[in-house]
Structure formats: structure tokens, C-alpha cells
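Got the model open in your viewer? Here is a route through it, one selection at a time.

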Amino acid sequence: MSRDTGGWVGRSRVGITLFGIGLASSFVFAAAAQQLDRLVGDWFLTLTERNAVHTGILAIERAGGAVAAFVDGGPASFALTDGNIELEFDTRDGGGQLLRYKLNGHVNGDELEGVLTPPLNAQQGSWHAERYVVPPPALPKPVDFTGVWSRASSGLARVTLDYTPAAQSVVDAYHYLDDPALRCVSPGLVRVSGWPYPLEIVQNEAQVTILYESFHEVRRIFLDGRGLPENLPRRSMGYSFGHWEGSTLVVETRMLTPGYVDLGGQPLSENSRVVERMSLSGDGQVLRSELTVYDPENYRRPITRHRVWRKTPHTTILEYDCDPYPFFRGLEIEGKLEVYWERMRRRQ
Amino acid sequence: MKDRSRVVAAALAALSVSPSHAHHSFAAEFSYEDSGTITGEVVEVLFVNPHARYFIATKDATGQEKLWDAQTRSPNALLNTGWSKDTIRVGERVTIEGNLGRDNAPKIWIRELHKESGEVIRPTGEAPPQ
């Protein structure tokens, strides 16, 4: 009897407990969903390491029932558990080594913040993110970019991007010998803008001219309202047209030679469009460019790169003295010339 | 005498190589784990972009000659460390320690270069470890 009663009481407790768990879990679920809703949108990420600061754009989206996160246009793994944010994404070093950044954190007021675990067992750092908003168009208020600038950062260099099937097959078939820079041919706007050599800017009301040491590239950014030229050939740096939105120079570039946007053979189509938003720091010593690649043939979402230069008036721009001979001689020594010719034939 | 000694030091790889100044695919061409040393005569000096290169003739135990492609940073990066086009000349005998080419390719990314005079040069400009 007592067992029965006990059993009944027991069941009742189980029933109540289950009911309680049901209530609690739906409450937790609702709370989690609400918390997630607060995260959906675009965030401006700042990663602070011991020796470097990187910026990026974090996009958190609901895709059906799931949540998807992207950093600078490349997929990132994202989890939200009991208010703890976990974000992980790939990047590369200057030599193409695949690395991973890991972020753990939480919401703090209107911002996100937490601990950053950089790659290669580097000392932990911190990160924070605030809502990312492109300012509405403002009246032109030009500033002066004139001067010699040296690279301070070329951004996070995401490796995995949101490829279309066409782009994925290009990436899969890529071989490092396909890199035109190896044979002294310019790798084009997206890569040249991140190259570790200085550049000089001269400007007047009608034109901003950027003289890159890298590959002796020259860009004329027309501010006089002219349109795209007709019947002119594509070129590695394309044709650029700019206008001022407040003190930000917004530059749009088209007619780029098809090529690659990075070391992993991530393709760039002939119909791509690149938009740069260039601005100066308050003291005029730091120049930033947020560069966005729109290329829907290859990427389901735009790619972003964050370039930063520091004013270095005493830097001399040198010749980009590039000679393809050692590349070919090296291939001969390595016994890879035939492989190379075969790659080049396939390119046609 | 072997012209090449392979040292597998995966644990040290991340510390021992610093190709972050490279701007094309070091990772595709050179090993992060596999280091080695070559000794030979400088037969060609190409102090040019994108990377300065030295072609080095080594000889194995049987006297068989083998050419190596030794690469390092860009000329302008080297100039900042005091390494110029005349730092290493054709005809000099040098010993190079660095990252070996992938798939047994006869190439090496220079981490440290020892001249016959005993002088040691590093492309990063840092003093060699004592």
C-alpha cells in the first residue's frame, strides 16, 4: 500500500517535474530565441591581439529554423548556449597557412564582447562588436589623402567564402602556379590593395590618383562624374569612379580583368564590381579602406576586406623590380616546367 | 657528406618559421614542419621581386652536383634589414638553414644564412640565436 502510494506520489512528482521542465524549456527556448533575435543583424567586429588589431563585419542571420553567421562574407561557425556566444572562422597568414580564430563572449548592453583565442597558440586577446550601420549619404566634405602610406593591416583574409558551385570548382582546381604574381603579372585590385608595399596618393577636386609600388600599378579615381568608358579593354585595376559621402570617399570599380581575389584561387569574374569606402582617422595619420567585392557569379554574398595604412612621409617608393626569370629557372630546377605549361594551356 | 639533413620538428614549426612577410603561397611550396640545411656555391643572384632568390650548387658524397632554389623575402623588405644585392655574391660558399620545399622539391626558404667568414644573416634582420 505504502509502495502504491509512494508509486503514485512518485509518478505525480515525475508528472509535475515533467510539466515543470516543459514550462521551463519552452521559457528557456523563448528566452533563447529572444536572445538570438537580439543578435540577428550586422556587427562591426574588432579583434585585439597582443600585436595586432583586426576589424571585420559579422553578419548573423536566421536561415529557416537555423542560424547562420558570416565574417567578411565567409561562413563562420556560430553557437549561442545559455547566453554564451561562440564564433569560429578561418583566415590565413601572409604565406597562405590556414589559421583559425575563436571567439567566446556574451551580450553586454548594445554590444558584444569577450575573449579572443588567436591562432598558433598566440596569447589570448579580446574582442567586441557594435551594430554596423553604413551612414546615410551626407553632403560632400572632401578630405586630403595626399601623401605616402605604408600598410598597417590588410584585414582578416578569410579563406573560405560563400562560394557558388561555379566558384567552388575553380577553387578546387586551383594550383599555386596559377598565381600571376609569381611571373610578375599584377594580381589585380583586390590583392594589390593588400600588398605589403607602400603607395602614394595625389589628389585634386576632379581626381584621386593612387600610385602603388606593387606592380607599378596606377589608379585614377575620377570624381568628375564621368561614366564607364566604352570599348576599352579590361584591366587589372579596372576603371574607378568616386564621390564623397561626407568625408568618406566611395569608389566603385568595374571592368576588372577576371582573376583571383586571394591566394587560394578564389575567383573574380569579369562582371564583378568592387566598392571601397576610404576614410581618414581624426589625426589624419591613418587611412582605412573597407573594400567590398560584389560578384554574384562566384559568391552568394559580398566579400569584405579591411585595408589600413599609416602615413609614412619619409618612406621612398621604390621600383617594383620584378623579373620572371627566377620563377621559370626555379621550375626547371624543380622539374615542373611541363606541369606549368600544361596549367597555362588549360587557362586559355 | 649529405647535402641535406631533414629535421622533422612539427612542434617547433609554428615558432621556427615566420613567412608572414611572404605574399604568395609559402604554404603551397614550402613545408612548415620540414627544415634542413644546404651548403654550396652561389651560382646566381636574383635580388628581384616578388622574392629575392639565390641558386645554389651543392655536391653530394659522390660529387654529383645538384642545384637548389633558395628564396627569401622581397628586395625592399631585405633592404630594410641591411641586406642588399651585394650582401651575397656569385661564387661565395654559403650554408643555408630553412624550410624545405614540399614533395622533396630542391628548394629552401632561407631562415638563416652562414657565410664562410662566419657572418650569419637573417632575412628578418634579427640577431641569430647564440
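Select A:Leu120 to begin: A:Leu120 sits in the loop between β7 and β8 of chain A. Bear in mind that this is a predicted model. Check the backbone torsions here, since A:Leu120 has a positive phi of about 60 degrees although it is not a glycine. Most residues other than glycine have a negative phi. Is A:Leu120 buried or exposed? A:Leu120 counts as exposed because it has 11 C-beta neighbours inside 10 Å, and the cut-off for exposed is 12 or fewer.

Now show the strands on either side of that loop. Strand β7 (residues 111-117) and strand β8 (residues 125-131) of chain A pair in the antiparallel sense, over 5 bridges. To find one of those pairings, pick A:Val115 and look across to A:Ser126 in β8(A), its bridge partner.

Zoom out a little and colour by strand. Both β7 and β8 belong to a barrel that 8 strands of chain A close, in the order β1-β2-β3-β4-β5-β6-β7-β8, with antiparallel pairing. From one strand to the next, the twist averages 30 degrees.

Staying in this barrel, go to A:Asp72, in the loop between β3 (66-71) and β4 of chain A. A:Asp72 is another non-glycine residue with a positive phi, near 50 degrees. What about its surroundings? A:Asp72 is buried, with 27 other C-beta atoms within 10 Å.

Step along to β4 (residues 74-81) and β5 (residues 84-92) of chain A, which pair in the antiparallel sense over 5 bridges. Select A:Phe78 and you will find A:Leu87 of β5(A) standing opposite. The hairpin of β4(A) and β5(A) has 2 residues between the strands, and A:Asp82 there takes a positive phi near 50 degrees.

Next, follow β5(A) across to strand β6 (residues 98-108) of chain A; 8 bridges join these antiparallel strands. This hairpin has 5 residues between its strands, and A:Gly96 in the turn has a positive phi of about 90 degrees. Pick A:Thr91 as well: A:Leu99 in β6(A) stands opposite.

Keep A:Thr91 selected and add A:Ala157. These two are 66 residues apart along the chain, yet their C-alpha atoms are separated by 5.3 Å. A:Ala157 is in the loop between β9 (147-153) and α2 (165-173) of chain A. Leaving out residues up to four places away in sequence, A:Ala157 touches A:Thr91, A:Arg92 and A:Asp262. With 21 C-beta neighbours inside 10 Å, A:Ala157 counts as buried.

From here, move on to another barrel in chain A. This closed barrel has 9 strands, running β9-β10-β11-β12-β13-β14-β17-β18-β19, and its pairing is mixed. Ignoring direction, neighbouring strands of this sheet are turned by 30 degrees against each other on average. For a spot to inspect, take β14(A) and β17(A), which run antiparallel and are joined by 5 bridges. Click A:Glu252 and then A:Val275, its bridge partner in β17(A).

Time to look at the packing. Which residues touch the most other members of the largest nonpolar core? Of the 39 residues in that core, the ones to select are A:Leu189, A:Val190, A:Val192, A:Val208, A:Val261 and A:Val274. Several elements of chain A each supply at least two residues of this core, including β11 (207-212), β14 (248-254) and β17 (273-280), and so does α3 (75-79) of chain B. Another core, of 23 residues, lies apart from it, with A:Leu45, A:Ile57, A:Ile85 and A:Tyr101 among its members. Then centre on A:Val208. Beyond its neighbours within four places in sequence, A:Val208 is in contact with residues including A:Phe145, A:Ile201, A:Ile221 and A:Leu249.

Turn on chain B and select the contact between the chains, which takes 26 residues from chain A and 26 residues from chain B. The chain A side divides into 14 nonpolar, 6 polar and 6 charged residues. While chain B is visible, pick B:Pro50, in the loop between β2 (30-46) and β3 (53-59) of chain B. The peptide bond from B:Asn49 to B:Pro50 is cis, with omega near -5 degrees.

Finish by viewing chain A whole, with its 5 helices and 19 strands. Its radius of gyration is 25 Å, well over the 20 Å that the globule rule gives for 348 residues, so chain A is more spread out than a compact globule. Along the principal axes, its C-alpha trace spans about 95 × 55 × 40 Å.

Definitions and conventions:
Residues are numbered from 1 along each chain as its sequence is written. Chains are lettered from A and ligands numbered from 1 in the order in which they are written. This is a predicted model: local features need pLDDT of at least 70, side-chain atom pairs count only at pLDDT 80 or more; totals for chains, interfaces and linings use all residues. A nonpolar core is a set of buried Ala, Val, Leu, Ile, Met, Phe, Trp, Tyr and Cys residues joined through C-beta atoms within 7 Å. A residue is buried if 20 or more other C-beta atoms lie within 10 Å of its own, exposed if 12 or fewer, and partly exposed in between; C-beta atoms are placed from the backbone. Helices (H or I, at least four residues) and strands (E, at least two) are DSSP runs, numbered from the N terminus. Two residues are in contact if their C-beta atoms, placed from the backbone, lie within 7 Å. Two strands pair if DSSP finds at least two bridges between them. The radius of gyration is taken over C-alpha atoms; the globule rule is 2.2 Å times the number of residues to the power 0.38. Ala, Val, Leu, Ile, Met, Phe, Trp, Tyr, Cys and Pro count as nonpolar, Asp, Glu, Lys and Arg as charged, and the others, Gly among them, as polar. Axes are lines fitted to C-alpha atoms, for helices over the stretch in contact, and angles run from 0 to 180 degrees between N-to-C directions.
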